[in-house]
Number of protein chains: 2
Amino acid sequence: MRVDADSSAAPDAGANPAHLFAAALIDELTRAGVREVCVCPGSRSTALAIAAAQHPGLRCWSQIDERSAGFFALGAAKATRAPTALICTSGTAAANFHPAVIEAFHAHVPLIVLSADRPPELREWGAGQTIDQVRLYGTHVRWFAETAVPDADPQMLNYAREVGCRAVAEACGPPAGPVHLNLPFRDPLEPTSASAESEIAATDRGGQAYTRVCRGVQTPQSADVERLVELAQTCERGVITCGPMDAEPEFRAAVADLAAALGWPIFADPISQLRSGAHNPGAPVLANADLFLRDERVAAALDPQVVLRFGATPTSKSQRLWLERCRPEHLILVEPEAAWNDPSHLASEILRVDPLALCAALNRRVTRSQAESPWLQRVLRAEHCTAEVVERCIADEGELFEPRAIRELAEGLPDGAILYVSNSMPVRDLDAFLPASSRPLRVLANRGANGIDGMISSALGAAASQSKPVVLLTGDLALLHDVGALQAAQRHSLNLSVVVFDNDGGGIFSYLPAADRVDPEVFETHFRTPHGANLGDIVAGFGAGFERASSWEHFRAAFKSALATPGVSVVEIPVDRDRSVAHHRKIDRRVSEALALQFGNSRT
Amino acid sequence: MRVDADSSAAPDAGANPAHLFAAALIDELTRAGVREVCVCPGSRSTALAIAAAQHPGLRCWSQIDERSAGFFALGAAKATRAPTALICTSGTAAANFHPAVIEAFHAHVPLIVLSADRPPELREWGAGQTIDQVRLYGTHVRWFAETAVPDADPQMLNYAREVGCRAVAEACGPPAGPVHLNLPFRDPLEPTSASAESEIAATDRGGQAYTRVCRGVQTPQSADVERLVELAQTCERGVITCGPMDAEPEFRAAVADLAAALGWPIFADPISQLRSGAHNPGAPVLANADLFLRDERVAAALDPQVVLRFGATPTSKSQRLWLERCRPEHLILVEPEAAWNDPSHLASEILRVDPLALCAALNRRVTRSQAESPWLQRVLRAEHCTAEVVERCIADEGELFEPRAIRELAEGLPDGAILYVSNSMPVRDLDAFLPASSRPLRVLANRGANGIDGMISSALGAAASQSKPVVLLTGDLALLHDVGALQAAQRHSLNLSVVVFDNDGGGIFSYLPAADRVDPEVFETHFRTPHGANLGDIVAGFGAGFERASSWEHFRAAFKSALATPGVSVVEIPVDRDRSVAHHRKIDRRVSEALALQFGNSRT
């Protein structure tokens, strides 16, 4: 709650121009597709909040904490694949959106931030709650605009409407991403008794968007398609990698068909949407690449001529190291959002085309099937051998640990659920241990900036904005980082099931080289950061359910109950960090041993 | 916890240049006065975290949530009046500091942000946890520097040391404020077994600062002093206003002497440090100006010729409106930090001089005392009459409400305590109802950007960094906004007493004109935002004590117990918002009625 508290009563002659401006702008946002908006309380933003709250086409989520609001809107935009808006007052309120804005920028999520501001004559003059909001998010927006101070000129409403249309268009891209409108409002801030709705109707184009925005499809040029087809049909050793992307069914089907036709395996990131769901059953979709590529001998033996990548940089570190080691002659990145995701600096070709259009064009032209090629058989042997080893390791292990938890989770998830997964260890474990499956599952993660902030809020936004069940898989630190977000769940009666791997701190650090090289006390205090917090007590304070699993049976029952219980339910899987590290390393070792029989022994 | 997890083992030939650079930089920060540093876990920041943790001159506060860390460092810097550092890894981590950085900028608090970053070749290439950190805080820093990627050149250490010295110098100003160093580190990130300490010793200047920075005092020029003395001695109707400032004893004594000599009243903001403490007992220090200036007739009758202001824009809205109404011929602002705090655009003179030096110079020259002037008597009549009315209103009222709570709090605070007060209603109530007193009390608030974010963290930072007891006075929304910060209190066993006015939402909105003009449902949902949260349950989850006061006697006992109990103890004062508004308005009315007898009736 942030207040300027210095507005004074206005004479009641017509609607307040600030409210007309806000009403026209908000009206246009809804026509362009915005359905969800997070409203953070404040005084300077009065006109925006009222316009949003009174618009029948919007669902308004009141949020006390702007940082949580930012991630809530991000999660909603991701889950609904629609632009989502954020409203806040002046001051540090808008700065609290910054982490979510950065994530949205890198993950190409259409967020529209509407920050109210003081008018120019009050900026940098010591007025309360006034900061420099101009370009507050720096380079992390697709469009920034400082709007005019609303006045009584009716032309102002044409401008407000077109700003609304343009904000959505810029946010939706390509490239998609956040837009920041900084909106100065002069006192008085409160509405008059006149109706803004009737006054803005004059500029209404009969329920249509004020400015219709038509986007083309980035269709690949035929010469490029020919070249790629030629390449694909002459290179046996090809791989399709699908990195993090929110692939829709049409693309999934098309890329699976392409892989089947070419006989190229798909290395499917857990957040690519390719690993689960019923696409072409003949397509070689792999789930174990992260594991088998950890073995250097295997990675060297699986030496591709062509890698065609869709989506962002894959989660798998072993996949990155494999590319750096093999240096494929053709590393072709499909980048429809004009990104350049190539931290290894190996790309031979960037295709700024629509992924579906590209797959469709290639599928129309590809004739020769290499489905039975020795290359594919070799890759599939690594895949199947790894899957078998993992299966055995997991079956052997009665103790609670992450790899088996991933399997249990995958089995317990309802069809069509959304799994929101936190960065750090959960997404890595998901990459390594989520099996391929024909059951539909949508996996979301904040892989733009890979932060662990805003996880609960992101999942709540996803849960609030659509009807599918949402499950958050997180570590204990990410849970604690955003635990205040549970307030919003309570206020809005939102449903969310949370599975938390609790290893009392930052388990991932135990996997780093630094773990052995840093003074143990410094390592504990500043890297591992055991917090000793009782997650159950903390989440109970926010009215959330909590269960600490003591066995796999217990976990299954608790998870089932969490899914069936309204509100937020947290199921904790307590993990001993040292034993967990040992378990993970044991799996790696067993995979290596099994693969050594086929690919030679890399670990002596 | 944020991790890149892609560093690889380094050969052990000498210390890692990244660690040498970090060790030299951190060493210099401590020589320049940094004593407290918040360290947020991460991998890219390994060298910085280790250097800080191993430096004997630093206290390192491990913090999981960077937003909380930012405000914790802010509170520590304010409480200790010393530059304080922040360390984080790459990605959104640094963006979470943004709100605290903005507050530090506007409040002139020396914060030094050290953000680790990927080296240039990995930025904007889709590497994990990589955002654009260059000038991340935009215009809200005193100095930004992107440092060089550390390499083995020994000259690099001279540079690292001088960067450290300069960072502190720039942060301490004037103008003081935050500094952002963005520090790229290339793999490997972990230390070698070689000792960084011995290798950086070569550039050590025998325990002295590498570069000593000498600051002058902004001494006023004699012609300006003469002019002011002339003005002061010819104008009877003068007022000294002290806005928010962390005035030290010497300044307080000097300005009190000046006021006593000139016979000018001091309108003492609650955060000016003038309202409490033993300065010149003959100085007319006023505590009730905010209340009596609310009466328009009184405000008009107290028409000053000269207003000499120290500190930032006063908290009091009625004082601002009084100046705008009276338009004093001479509005003289003392702005040592080169700010220009004049939202009403009335300043006739800006003095960029040291406030103490100015007072001392004036005191040496002022001869004529106007201590008995009719003007001063008139102002003091308003002050005393208001004080009496408030005293009676408070004594009449057995119900729990804020004005009396402020009195009870002031009486219950131990001598020399720090009271950290939240923005929104608490600071306004403190302004209106904190009586003048000779007992020492230090009041801190985040009046740079006036946000309600980071209040618990700020107070915890103050409590952690010095030995005086700290009490936080906050509303329920500010408490909830930063409630996750209680984790840090638990982890570090910090002591803090919290008094929370709980009116279930944003009480301040009930005082705004919008309250009567907005659809009641919209007003409730998006302005008042009742959250229904059980504060007791929530804080108990973090191991904090909680007591809900049911009477003044109960409050006194609970507050006393909170002060005596280790850890965090929260004492809630439940307030009915509508009755609270009525109580506040009744006091205003009674003050007006009493003053009408002397100044004419402004409210009919």
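## Reading strands, helices and contacts in a predicted two-chain model

Reader: Where should one begin with strand pairing, and which strand does β1 of chain B join?

Author: In this predicted model, strand β1 (residues 36–39) of chain B is joined to strand β2 (residues 59–62) of chain B by four bridges, and the two run parallel. Strands of a sheet pair through backbone hydrogen bonds, either parallel or antiparallel. Within this pair, B:Val37 lies opposite B:Cys60 of β2(B).

Reader: Which unit do β1(B), helix α2 of chain B and β2(B) make?

Author: Together with helix α2 (residues 46–54) of chain B, the strands β1(B) and β2(B) make a β-α-β unit that is right-handed.

Reader: How many strands form the open sheet of chain B, and in what order?

Author: The open sheet of chain B has six strands, ordered β14-β13-β15-β16-β18-β17, with parallel pairing. Its edges are β14 (442–445) and β17 (545–548) of chain B; each has a single partner strand, so one side of each lacks a neighbour in the sheet. Ignoring direction, neighbouring strands of this sheet are turned by 20° against each other on average. At the β17(B) edge, four bridges connect β17(B) with strand β18 (residues 568–574) of chain B in parallel, and B:Phe546 stands opposite B:Val570 in β18(B).

Reader: Which strands does helix α16 of chain B touch as it packs on the sheet?

Author: Helix α16 (residues 425–433) of chain B touches β13 (418–421), β14, β15 (470–475) and β16 (496–502) of chain B, and its direction makes about 110° with that of β15(B).

Reader: How is a helix pair read, taking α15 and α16 of chain A?

Author: One considers approach and crossing angle. The axes of α15 (residues 402–412) and α16 (residues 425–433) of chain A come within 9 Å and cross at roughly 70°. Angles of 65 to 115 degrees count as roughly perpendicular, which is why α15(A) is described as roughly perpendicular to α16(A). From α15(A), A:Glu402, A:Pro403, A:Ile406 and A:Arg407 make the contact, and from α16(A), A:Asp429, A:Leu430 and A:Phe433. By class, this contact has four nonpolar, no polar and three charged residues.

Reader: What domains divide chain A, and how many residues link domain 2 and domain 3 of chain A in contact?

Author: Chain A comprises domain 1 (17–203), domain 2 (222–383) and domain 3 (402–574). The centres of domain 2 and domain 3 of chain A, taken over C-alpha atoms, are 30 Å apart. In their contact, 16 residues of domain 2 meet 17 residues of domain 3. The domain 2 side has eight nonpolar, five polar and three charged residues.

Reader: How many residues does each chain give to the contact between chains A and B?

Author: The size of an interface is often given as the accessible area lost when the parts come together. Counted by residues, this contact takes 93 from chain B and 94 from chain A. The chain B side has 45 nonpolar, 33 polar and 15 charged residues.

Terms used:
Residues are numbered from 1 along each chain as its sequence is written. Chains are lettered from A and ligands numbered from 1 in the order in which they are written. This is a predicted model: local features need pLDDT of at least 70, side-chain atom pairs count only at pLDDT 80 or more; totals for chains, interfaces and linings use all residues. Two residues are in contact if their C-beta atoms, placed from the backbone, lie within 7 Å. Ala, Val, Leu, Ile, Met, Phe, Trp, Tyr, Cys and Pro count as nonpolar, Asp, Glu, Lys and Arg as charged, and the others, Gly among them, as polar. Axes are lines fitted to C-alpha atoms, for helices over the stretch in contact, and angles run from 0 to 180 degrees between N-to-C directions. Angles under 35 degrees count as roughly parallel, over 145 as roughly antiparallel, 65 to 115 as roughly perpendicular and the rest as oblique. Two strands pair if DSSP finds at least two bridges between them. A crossover is right-handed if, with the strands pointing away from the viewer, the path from the first strand over the helix to the second runs clockwise. Domain bounds come from an automatic or database domain assignment.
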